[in-house]
Amino acid sequence: MAKINFGGVEEHVVTRKEFPLERALETLRDETIAVIGYGVQGPGQSLNLRDNGFRVIVGQREGTRSWERAVADGWVPGETLFGIEEAASRATIIEYLLSDAGQIAVWPALRRHLTRGKALYFSHGFGITFGDRTGIVPPDGVDVILVAPKGSGTSLRRMFLQGRGLNSSYAVYRDATGRAFERVVALGIGVGSGYLFETDFRREVYSDLTGERGTLMGAIQGLFAAQYETLREQGHTPSEAFNETVEELTQSLMPLIAEKGMDWMYANCSTTAQRGALDWWKRFRDATKPLFGELYASVAAGREAQIAIEANSRPDYRERLEEELRELRESEMWQAGAVVRKLRPENN
């Protein structure tokens, strides 16, 4: 484990150089990993583990679209693909990758298979941190660990196939066997992490819920919409407004920022853009920081968790979700985006 220092804050990180794949395979040589759920994270993590040489099975409800997807990805019913309880009973490590609502619903059945010495693995701190609301309280004698890739399962898989890695956080909530650290790091390397940085379950879920509602999804859509609508109200065409708001950012600037940093971007744009960005970024920070404070307080108080649990547990959740997504999809901004994407050179 390496230590890095950011402005006096010491952090622990694990790289693939320090903990290579060969060591990870040796660490989990006698383990069977059951990936429970084949939705968002399940496919990427299970396929990466399988391709890396680990003993992996998948647990999913038969007859679902996710079951069919697993079959299409090469998981064989009765050999490497089972019902959820069957997979859990066969495993020594259970990766619990159902949705938060799904984890709550399946927990009473899954808990029966958490016998002493097994490991229960999460990619989100939600179920454990808000255990008083979710009812997810692991039995004694079981390692409880977390690897949380900092991106979607689709990105995790895509970057793995490109020979790259997606950074992940890791945490040990309970070390019942004395092997929890070795297990969690080996799994983190196995699923395709670029490097692993230490966290705990509470910090992971607080930062994750804030990020999802903030700059990763909620706030970015809000900023997109505000700028796009302003440009349209001032007479700019949909194509021009979308290109200046979304396309240039996602296709040109973000890859460079990811590679070089924002300071490099400021130093390598036109002097007019440079001056404007330097003059305005603090105003945007000052305008939005109170809202982020309000958001974090809501996360820490458990309100965001309760909203998610109640909404995702409704029988009409999928119908309500589709209506909200339809509003986004059919908005002028994202209709313009669909047209612009078709005009990209790779699509012609």
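## Pockets, and the second largest one

A pocket here is an open set of grid points with protein on both sides within 12 Å along at least five of seven lines, and its lining residues have an atom within 4 Å of a point. With that in hand, and bearing in mind that this is a predicted model, let's look at the second largest pocket, whose volume comes to about 170 Å³.

Which elements give two or more residues to its lining? They are strand S2 (9-15), strand S10 (193-198) and helix H10 (201-213). The lining itself includes Glu10, Glu11 and His12, then Lys150 and Ser169, and further along the chain Phe197, Glu198, Thr199, Arg203, Glu204 and Ser207. Sorted by class, that gives six charged residues, four polar ones and one nonpolar. Phe counts as nonpolar, so the one nonpolar residue of the lining is Phe197.

## Aromatic pairs and a cluster

A search of the whole structure turns up twelve aromatic pairs. Take Tyr96 and Trp107: their ring centres are 6.2 Å apart and the planes make an angle of 45°, a tilted pair. Why tilted rather than stacked or edge-to-face? Planes under 30 degrees apart count as stacked and those over 60 as edge-to-face, so an angle in between is called tilted. Tyr96 sits in strand S6 (residues 93-96) and Trp107 in helix H5 (residues 100-111), so this pair ties together parts that are eleven residues apart in sequence.

Are the two partners buried or exposed? Tyr96 is buried, at a relative accessible area of 0%, and Trp107 counts as buried too, at 5%. Both belong to one aromatic cluster, together with Phe122, Tyr173 and Phe201.

Tyr173 of that cluster has its place in strand S9 (residues 166-174). With 46% relative accessibility, Tyr173 counts as partly exposed, because that class covers values between 20% and 50%. Its C-alpha is 9.7 Å from that of Gly125, which is 48 residues away along the chain.

## Arginines over tryptophans

Two arginines are worth a look here. Arg50 has its charged end over the ring of Trp75, 4.4 Å from the ring centre. The charged end of Arg283, for its part, sits over the ring of Trp280, and the distance to the centre is 4.2 Å.

## Polar contacts of buried side chains

Gln60 is in the loop between strand S4 (56-59) and helix H3 (65-72). Despite the loop setting, Gln60 is buried, with a relative accessible area of 8%. What does the side chain of Gln60 have at 3.0 Å from one of its polar atoms? The backbone nitrogen of Tyr38.

Thr245 belongs to helix H12 (residues 238-260) and is buried as well, with 6% relative accessible area. Its side chain is in two contacts listed here: one of 3.3 Å to the side chain of Gln227, and one of 2.7 Å to the backbone oxygen of Ala241.

## Two more buried strand residues

Ile36 is in strand S3 (residues 33-36), and at 0% relative accessibility Ile36 counts as buried. Follow the chain ten residues to Ser46, and the C-alpha atoms of Ile36 and Ser46 turn out to be 9.5 Å apart in space.

Asp143 lies in strand S8 (residues 143-149). Is this charged residue buried or exposed? Asp143 counts as buried, at 0% relative accessibility. Between the C-alpha atoms of Asp143 and Thr80 there is a separation of 24 Å, with their positions 63 residues apart along the chain.

Definitions and conventions: Residues are numbered from 1 along each chain as its sequence is written. This is a predicted model: local features need pLDDT of at least 70, side-chain atom pairs count only at pLDDT 80 or more; totals for chains, interfaces and linings use all residues. Side-chain values use heavy atoms; hydrogens and water are left out. Rings of Phe, Tyr and Trp (its six-membered ring) pair if their centres lie within 6.5 Å; planes under 30 degrees apart count as stacked, over 60 as edge-to-face and the rest as tilted. Helices (H or I, at least four residues) and strands (E, at least two) are DSSP runs, numbered from the N terminus. Buried means under 20% relative accessible area, exposed over 50%, partly exposed in between (1.4 Å probe, protein chains only). A charge sits over a ring if NZ of Lys or CZ of Arg is within 6 Å of the ring centre and within 35 degrees of the ring normal. On a 1 Å grid over the protein atoms alone, a cavity is a set of points where a 1.4 Å probe fits but cannot get out, and a pocket is an open set with protein on both sides within 12 Å along at least five of seven lines; lining residues have an atom within 4 Å of a point. Grid points are joined across faces, edges and corners, and a volume is the space filled by probe spheres set on the points. A polar contact is a pair of N or O atoms within 3.5 Å; within protein, one must be able to donate a hydrogen and the other to accept it, and residues adjacent in sequence count only if both atoms are side-chain atoms.
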